[in-house]
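I set out to record what I looked up in this structure, entry by entry. The entries cover salt bridges, the pairing of the chains and the surfaces near the DNA.

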There are 2 protein chains.
Amino acid sequence: MRKDNRQDEADETRHSERPTLKTLAFMTGLGVTTVSRALKDAPEIGAETRKRVQMVARQIGYRPNRAGVRLRTGKTNVISLVLDTEEQIGGFVSDMIYGISEALAPTPYHLIVTPYSRNNDPLEPVRYIVETGSADGIIISRTEPDDKRVRYMSEHGFPFATHGRTRMGIEHPYHDFDNRAFAAEAVRTLAGLGRRRLALLPPPPNLSYYHHMREGFAEALAEHGLSEIPFPAATLDNSIDTIRASTVDMMRRRGCPDGIVSGAGGATFALVAGIEDAGLQLGREVDIVSKQSSRLLHLFRPQIYVVNEDVRLAGSELAHAVMARIAGAPVASLQTVSRPGTVERAHR
Amino acid sequence: MRKDNRQDEADETRHSERPTLKTLAFMTGLGVTTVSRALKDAPEIGAETRKRVQMVARQIGYRPNRAGVRLRTGKTNVISLVLDTEEQIGGFVSDMIYGISEALAPTPYHLIVTPYSRNNDPLEPVRYIVETGSADGIIISRTEPDDKRVRYMSEHGFPFATHGRTRMGIEHPYHDFDNRAFAAEAVRTLAGLGRRRLALLPPPPNLSYYHHMREGFAEALAEHGLSEIPFPAATLDNSIDTIRASTVDMMRRRGCPDGIVSGAGGATFALVAGIEDAGLQLGREVDIVSKQSSRLLHLFRPQIYVVNEDVRLAGSELAHAVMARIAGAPVASLQTVSRPGTVERAHR
DNA sequence: CTGGTAATCTGTAACGTTTCAATATACTTG
DNA sequence: CAAGTATATTGAAACGTTACAGATTACCAG
């Protein structure tokens, strides 16, 4: 008395429905278990059977039901990108997403975007994902030297990768741009132009790369015996108007900087506007070296010196890192830092 | 002989595990079915029981298991945003995502990003989602007047919303920016400045809003008795270099335009660079009216006249539209067009 | 009282998958 | 040839949820 009989036949009739293991089992005359195993190349399945099953599966376009797998195994095949919704000007989010997508495309993983507002607790979305198991891995950005989220995910053994490094004695996968090298190189460039009094427009001081950038800046400053003019209360996170006003303010003082290093392309727009508001001219009274992820700065003002950051690459690296981590790869192999390219200027 | 007894007790012990309906059933002393129904306010559940269950559920932080729901009901609680990965310069993707996220945040829906390469068939990702049922609804952009994807989803009764309208006799939810009004208003502005020979930098001609923009452009041109100078083979999709080169080419000819309408902020950067390459000056020999989604154009060149498009709003509208469609709302109520704001210029 | 009906509540099955323990078959080996 | 063993295959159970068809109780009309 095979009660399955009834169902197999029913299965046969529902033509338009999506094929399941049961469908395959019926078609091949095998049991569901065998089919399941054959599809994942289990060793205890006969070579011929395996081939036969896989062939039929491909023919009828079988795709494992994600909900079924997820329910049974807990594996979601989802990578979650956790983002803050307070748009940074000219943000690099789209590039990051494209990079991740690119890496995920040939895999069974899907990308889901989990937002949080910067005024809320950044740990919250992470905790939600870990507690509900709604993803297999997480990618975060805006990493801090001592990062709650990193600690939390580490303690819970949850796979993740960070855009940016930490300094908390926890080893974890990351990808980072070498902001130290960038800042140092930027200062050297300005020194080479004869600039002596430099200012830095840095990221907010709670973020890891603030420190890297500052270190590189300070290091090269000392190296060339230059001095720093402090930027009054402005960071890359501020609005265009804030940065612009802050810049005007700074540039109107006596002893204003003759060289500025900017950590992001969007902010540099505001920076330049401020400089010009103050009646100064780029390449004359001041020079700027700026990082950028888009390619617009050279069009904006050809006098700007530019270092490109490939955020798309970062996204791709991060995606590969989380996946490898999920697969159990050792952390040490999943930490990459991309060196900045050379400082470029528009060739007109 | 209640075989469940064993399991209920086991359930009781696994403290750290995530609560399920069974956990709730055990705690309240009710059956799993009752609990399930109580949580969704089914009418056949006693008022007191309902309250009791919901209270306990809230206390212990019960969250329905998505895989369970999905497997049983087919409901994924996922909205998929289908994107092409060929980055348009200064693309608005991040804004769109933020807008969608915003709308989805207070709902059980998650956002998943499904990319496709522009050289591949754009129908493919859509078909994948529909066939595998991996989302409850889809949002697409780069809508064409006769759009395969729209036809496909319509025929399959799959909920979706498009960024941009179609002209194929199929009613469906959409959100669009009134590009016709934008172009017309842009032309009027240029006419008001005494410009007589206008060029349009349009989107690629296969997209719907190409036609809208062209119509508005042509209409206002006729209205003021102005003439069009054709833009040689450039669209908003082209690279910076292409647009720039194309612009130089155009501006060096006799009878070059004295006014240009540009459909996107990113392209306008290239456009301006081209104009200046040709030795012309903005506000003197030429004026530009450009749409933008970021706020950078005024910083770039204060002479540019700008119309802002709120892509974040678009995202939010689209998300609401799909969700409403999923819930069965009539299509007619889910079609919105946002009117452009006034043409602005930097006030220095 | 009897029989009916509304109001509450409940067990079972099913969604598609994988894991476990078991079975059937063929092949060695002493 | 008995007994063990490797090979190939299998059904049942479980993951967490909801739909279905019953069950139990209380109440009311006749």
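**Entry 1. Salt bridges.** I took a salt bridge to be a side-chain nitrogen of Lys or Arg within 4 Å of a carboxyl oxygen of Asp or Glu. With that rule, my search of the whole structure returned 47 salt bridges over all chains. I noted that this is a predicted model, in which local features need pLDDT of at least 70 and side-chain atom pairs count only at pLDDT 80 or more, while totals for chains, interfaces and linings use all residues. Residues are numbered from 1 along each chain as its sequence is written, chains are lettered from A and ligands numbered from 1 in the order in which they are written, and side-chain values use heavy atoms, with hydrogens and water left out.

I then looked up one pair, Asp237(A) and Arg142(A), whose closest N and O atoms are 2.7 Å apart in a salt bridge. Asp237(A) sits in the loop between strand E7 (227-228) and helix H11 (240-252) of chain A, and Arg142(A) in the loop between strand E3 (137-140) and helix H8 (148-155) of chain A, so the pair ties together parts that are 95 residues apart in sequence. Helices (H or I, at least four residues) and strands (E, at least two) are DSSP runs, numbered from the N terminus.

**Entry 2. Relation of the two protein chains.** I superposed the copies by least squares on the C-alpha atoms of residues with pLDDT of at least 70 in both. A turn of 180° with a shift of 0.0 Å along the axis lays chain B on chain A with an RMSD of 0.1 Å. The two copies are thus related as by a two-fold rotation axis. Ile112(B) has the C-alpha of chain B nearest the axis, 2.1 Å from it.

**Entry 3. Interface of chains A and B.** Counting contact as heavy atoms within 4.5 Å, I found 41 residues of chain B in contact with 41 residues of chain A. Of the interface residues of chain B, 100% are also interface residues in chain A, so the copies meet through the same surface. The buried area (accessible area, 1.4 Å probe, that two parts lose on being put together, summed over both) is about 3,900 Å², and carbon and sulfur atoms give 63% of it.

How many salt bridges join chain B and chain A? The count is zero. Polar contacts (N or O pairs within 3.5 Å; within protein, one atom must be able to donate a hydrogen and the other to accept it, and residues adjacent in sequence count only if both atoms are side-chain atoms) link nine residue pairs across this interface, both residues at pLDDT 80 or more. Helix H6 of chain B gives the most to the side of chain B that touches chain A, with six residues.

**Entry 4. DNA strand D.** I called a residue near a strand if one of its heavy atoms lies within 4 Å of it. Of the 26 residues around strand D, Gly31(A), Thr34(A), Leu21(B), Tyr62(B) and Arg72(B) come nearest. Sugar and phosphate make up 60% of the atoms of strand D that come within 4 Å of the protein. Tyr62(B) has a polar side-chain atom 2.4 Å from a phosphate oxygen of strand D, and an N or O atom in the side chain of Lys40(B) is 2.8 Å from a phosphate oxygen. On the base side, the side chain of Thr33(B) places an N or O atom 3.3 Å from a base nitrogen of strand D.

**Entry 5. DNA strand C.** Of the 27 residues around strand C, Leu21(A), Tyr62(A), Arg72(A), Thr33(B) and Thr34(B) come nearest. Sugar and phosphate supply 59% of the strand C atoms within 4 Å of the protein. Thr33(B) has a polar side-chain atom 2.6 Å from a base oxygen of strand C, and a polar backbone atom of Gly68(A) is 3.3 Å from a base nitrogen.
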